[in-house]
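Biologist: Before I plan anything at the bench, I would like to learn how to read a model like this one. Could we go through it feature by feature?

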Amino acid sequence: MGYKHERYVGDLLLSLQQQTILPSRILLIDDDPAGETADAAEVYLEENPLHVSIQRNRVNRGLCASLNSALSTIDTEFYAYISADDWMLPTRFERQLEAMAGASADVAVVYSNALRVDEHGKQLERDFKTEYAWPPRLSGSVYSELCEYNWLPAPSVMLRTQSVKEAGGYDPDLFFEDHDLWIRLALKSDFLCVDEPLVAFRELGSSLGHQQFHTTNPRFVMAYLQIFSKQLGITPELDAEMQNRIWTLALRLWRIEGPTPRVVDYLKTSFRSAPNRVTARVYVLLARAGVRATAVDRVRGFLRAPRA
């Protein structure tokens, strides 16, 4: 999957060519209408014996829509996807297919650690596992752990095709694909960790994560409100946990974008899980009346200020 990755796609294609087990099919999707990633890939392929199908999106469809399009064409038992600015170590497919061959059919996902590299391909000191503080439990049922945070390096993940299709594929209403899908898969399936680096994850300032994954970005906050809302109705205990997270995120969105209808809806959905229900109910009423959270914060700050 590529978007303005013309500088890096050659490294990815070389890493595919060097795999100890080649995939049966390679599809490169360029989601930039300018098509420079696809152009660079074609230059590489003219000089190297690697068969790659290239799909050029005439409009920017977004990551999830592009992945769903590709998913509809996959008929192999497993598949993997990777951003065109990352690359694979030579035994990536061999080690993961070997792990899946010995796993039960309940395992939908196998993943690995990842090297972290800079824009020039220089390895950074801390690998993905160290930088993102993986939890103690890495394999088996990891639903609870994934509800806490996303520690999986997406370029390292290999998925059971049928499990992903049964889970509904990628949510096109979200602008990033991975954490939502991991949580939905973990609800019914097991995960398996090959605890060694099998891919290289390039840390770029221009990447989707660096540009969009910020707690002050309304698009990012809204995405997690949608993700956590999907987990409601599974168990009463989980409902309480998720509603508390939804309440916290709804307050944050209220501060960022004001008392919009969707903010009011999320506040109304989750206020009963707030630490102080009385205060939470007042917040809902204020938001419904069109009051901004920043105005509430100023009043609270004034009331708490020491008197001369």
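Modeller: What follows is a short walk through a sheet, a helix pair and a few single residues, and please keep in mind that this is a predicted model.

Biologist: Let us begin with the sheet: what is the order of its strands?

Modeller: The five strands form an open sheet in the order β3-β6-β5-β7-β4, and their pairing is mixed. At the edges stand β3 (78-80) and β4 (87-88), and because each has a single partner strand, one side of each is left without a neighbour in the sheet.

Biologist: How many bridges join strand β5 to strand β7?

Modeller: There are ten bridges between β5, which covers residues 107-117, and β7, which covers residues 190-202, and these two strands run parallel. To find your way along the pair, you can start from Val110, which stands opposite Leu192 in β7.

Biologist: Turning to helices, at what angle do α1 and α2 pack?

Modeller: Helix α1 (residues 9-17) and helix α2 (residues 36-47) pack at about 45°, and their axes are 9 Å apart. Since angles under 35 degrees count as roughly parallel and the roughly perpendicular range is 65 to 115, α1 is therefore described as oblique to α2. The crossing of α1 and α2 is right-handed.

Biologist: Which residues make that contact?

Modeller: From α1 the contact takes Val9, Gly10, Leu13, Leu14 and Gln17, while α2 contributes Thr37, Ala40, Ala41, Tyr44 and Leu45. Sorted by class, the contact of α1 with α2 holds seven nonpolar and three polar residues, with no charged ones.

Biologist: Now for the backbone, where phi is the value I would look up: which sign does phi of Lys4 have, positive or negative?

Modeller: Phi of Lys4 is near 55°, which is a positive value in a residue other than glycine. Lys4 lies in the segment before α1, and with a relative accessible area of 46% Lys4 is partly exposed. Ala133 also has a positive phi, near 50°, and is likewise a residue other than glycine. Ala133 sits in the loop between α5 (128-131) and α6 (143-148), and its relative accessibility of 49% makes Ala133 partly exposed.

Biologist: And His179, is that residue buried or exposed?

Modeller: Because buried means under 20% relative accessible area, His179, at 2% relative accessibility, counts as buried. His179 belongs to helix α8 (residues 178-188). If you set aside its neighbours within four places in sequence, His179 is in contact with Leu146, Tyr149, Asn150 and Tyr224.

Notes:
Residues numbered from 1 in each chain as written. Predicted model: local features only at pLDDT ≥ 70, side-chain atom pairs only at ≥ 80, totals over all residues. Heavy atoms only, no water. Pairing = 2+ DSSP bridges. Helix = DSSP H or I, 4+ residues; strand = E, 2+ residues; numbered from the N terminus. Axes fitted to C-alpha atoms, helices over the stretch in contact; angles between N-to-C directions. Parallel < 35°, antiparallel > 145°, perpendicular 65-115°, else oblique. Left-handed = near helix turned anticlockwise from the far one by under 90°. Contact = heavy atoms within 4.5 Å. Nonpolar A, V, L, I, M, F, W, Y, C, P; charged D, E, K, R; others polar. Buried < 20%, exposed > 50% of the residue type's maximum accessible area, 1.4 Å probe, protein only.
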